[in-house]
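Reader: I'd like a close look at the interior of this protein, the parts that are packed away from solvent. Could you walk me through it in one connected account, pointing out anything unusual in the backbone on the way?

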Amino acid sequence: MFATPLKTLSTVSLIALCASQAQALTVTPTDSAMTLAQTLFLNAPGVTVLGATLPSGVFATPSSADPSQVGTYANASGTYGLPTNGIVLSTGNVRDYGDGPNNDQGWTTDYTGTTTAADQPQQDLLFPITGKDAHFDAVQLDISFLTDIAIASVTFFAAFGSDEFPEWVNTAFNDGFGLYVNGTNVASAIQTGGGSALPINIDHPDMAAMPGTELDGMLAPNGNPVLRFDVPVLSGAENRFQIILADASDGVLDTTIYLSSFFATPGGSGSGGEDGPGSGATGGDGASEFFPLLPTSYYPNSETGSYEVELPEGSSPDTVWVDPPVTVGYTYDLPSGFFTSVSAPSLATVADLDGYTLSTAWGSTLLLPAQTIELESVFGDHVFDTFTISGIDPGLGLDPNNPLAFPFGIQYEELLAGDLLSITPISESSVSAVPLPASGLLLLGSLLAGMLRRRRRV
């Protein structure tokens, strides 16, 4: 351990817009390692969690009341463009890192002197990430899991931020995060403009100010704060993850990481071809943004030019996701029933940073990445049997053969049996029919748990 300069804490009050309680990133602390592991692997069929531990001094007790360094999160507001749910780890108290505004640029919960100074095994994990000899407020989650023989990799999404930014960048206080898979750290990010992949720490050149929570800076290569890690695993064997985060050189000023649910990537099998979904593509069970069900046909309706998706009859207590052909916008129609809410794809699947325009017969509004909007709360008490999403960035160059090209979420009520959702793509110049990719998809996700007021169509 070596001597380092002292840091002082400063508090700056900022004026910012805050999400409503009904539309917010909410954090729930937990001391259950298995709850964290099961949340993280929620979207990973073919992966079985064998065990999980929190080997660091989580839930030490400094002066603040009931602190916690780990928890789960739900993200209806689309904060940072993160997916809908996942886990959060912090060198401070995770309760401080729900939706903003950023009221305190010196936020800290310092556990130093209790049980959370990093021990030697943790120091060995952290030194290659931070380059520092001493770490404090370490938080670690270890998970062992078994994969099916067909699983080649798992993928997760993260958002990393710190109150060390910008004052303590390129100093001794280089807080960092690592994800060790079977002994190798796989968490890194290539800086904007290319070059070598760099460790996840506050000295990364793509740290930038970004509104959302109490975090002063986020790691955002190319402006996107959602990081993606594709992790090779041992197929059909036991694997070990070590997820670790710590303050470098002292315990002052917090650093936090959000991790979204994993999904697993099969090794080998194809995803359809010229004959469309029926030729062998395998959809998921529709349980999340990442595991869709297939649409009814590879080709659009010959009379309307629209693509049709078979939805369960009645009402949808959960969100239904659809992945239409890639273009600059879409119109969604229900022949019976009506829409009650819509959900934009997260930045994990579509890196459209400025979001979209949601239009109905009663007006238009901005829809941010990962945001869920209840239509009645924005446009009033009407029947919404059609709406349009526009403003998809054509410069993204989304791959039409990518099964995660543009998932979009809906909730609806009172759909009759046999009726189909109709999706009409919008090109840059006109409404047109675009060939549905072999992997065009329907997603059934579980997002909103609240009861929606039922209303009869008139």
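**Inside the fold**

Author: A good place to start is strand β26 (residues 420-426): six of its seven residues are buried, so the rest of the structure largely encloses this strand. Please keep in mind throughout that we are looking at a predicted model. The neighbour to look for is strand β19 (residues 329-333), which pairs with β26 in the antiparallel sense over five bridges. To find the register by eye, pick out Asp333, whose bridge partner in β26 is Ser422.

While you have that region on screen, look for aromatic rings too. Ring pairs join Tyr330, Tyr332, Phe339, Phe387 and Phe408 into a cluster. Across the whole structure there are 14 aromatic pairs. One of them brings together Phe145 and Phe241, and this pair is edge-to-face because the ring planes stand at 85 degrees, with the centres 4.7 Å apart; over 60 degrees is what earns that label. It links distant parts of the chain, since Phe145 belongs to strand β5 (residues 135-147) and Phe241 to strand β14 (residues 238-248), 96 residues apart. Are these two rings buried or exposed? Phe145 has 0% relative accessibility and so counts as buried, and Phe241, also at 0%, is buried as well.

A second pair, Phe156 with Phe229, is tilted: the planes make an angle of 50 degrees and the centres are 4.9 Å apart. This one also ties together distant parts of the chain, with Phe156 in strand β6 (residues 151-162) and Phe229 in strand β13 (residues 227-232), 73 residues apart. Phe156 is buried at a relative accessible area of 1%, and Phe229 counts as buried at 3%.

Now widen the view to the nonpolar packing. In soluble globular proteins, nonpolar side chains tend to be buried together. Here, the largest nonpolar core has 42 residues, and those with the most contacts inside it are Phe41, Ile143, Phe177, Phe241 and Leu259. Strand β6 gives this core its largest share, five residues. If you want one residue to click on, try Phe177. Leaving aside residues up to four places away in sequence, Phe177 touches Ile129, Phe160, Ala187, Ile200, Phe229, Ile243, Ile244, Leu245, Ile257 and Leu259. Apart from the largest core lies another, of 26 residues, including Leu367, Leu375, Phe379 and Ile392.

Helix α1 makes a nice next stop. In this helix (residues 33-40), Ala33, Leu36, Ala37, Thr39 and Leu40 are buried. Look down the axis of α1 and you will find that the buried residues fall within an arc of 165 degrees, so they line one face of the helix. What do the buried residues of α1 pack against? They pack against β2 (47-53), β3 (70-75), β4, β5, β14 and β15.

Another spot to visit is Ala220, in the loop between β12 (217-219) and β13. With 6% relative accessibility, Ala220 counts as buried. Its contacts, not counting residues up to four places away in sequence, are with Asp206, Met210 and Pro225. The C-alpha atoms of Ala220 and Phe160 are separated by 8.5 Å, with their positions 60 residues apart along the chain.

Finally, the backbone features you asked about. Most residues other than glycine have a negative phi, and most peptide bonds are trans. Asp137, in strand β5, has a positive phi near 55 degrees. Asp137 is also buried, because its relative accessibility is 0% and anything under 20% qualifies. Ser249 is not a glycine either, yet has a positive phi of about 80 degrees. Ser249 sits in the loop between β14 and β15 (255-260) and is buried, with a relative accessible area of 10%.

There are cis peptide bonds to check as well. One joins Gly100 and Pro101, with omega about 15 degrees, and Pro101 is in the loop between β4 (85-90) and α2 (120-130). The bond from Phe165 to Pro166 is cis too, with omega near -5 degrees; Pro166 lies in the loop between β6 and β7 (176-181).

Technical notes. Residues numbered from 1 in each chain as written. Predicted model: local features only at pLDDT ≥ 70, side-chain atom pairs only at ≥ 80, totals over all residues. Heavy atoms only, no water. Phe/Tyr/Trp six-rings, centres within 6.5 Å; stacked < 30°, edge-to-face > 60°. Helix = DSSP H or I, 4+ residues; strand = E, 2+ residues; numbered from the N terminus. Buried < 20%, exposed > 50% of the residue type's maximum accessible area, 1.4 Å probe, protein only. Core = buried A, V, L, I, M, F, W, Y, C linked by side-chain atoms within 4.5 Å. Contact = heavy atoms within 4.5 Å. Arc of directions from axis to C-beta. Pairing = 2+ DSSP bridges.
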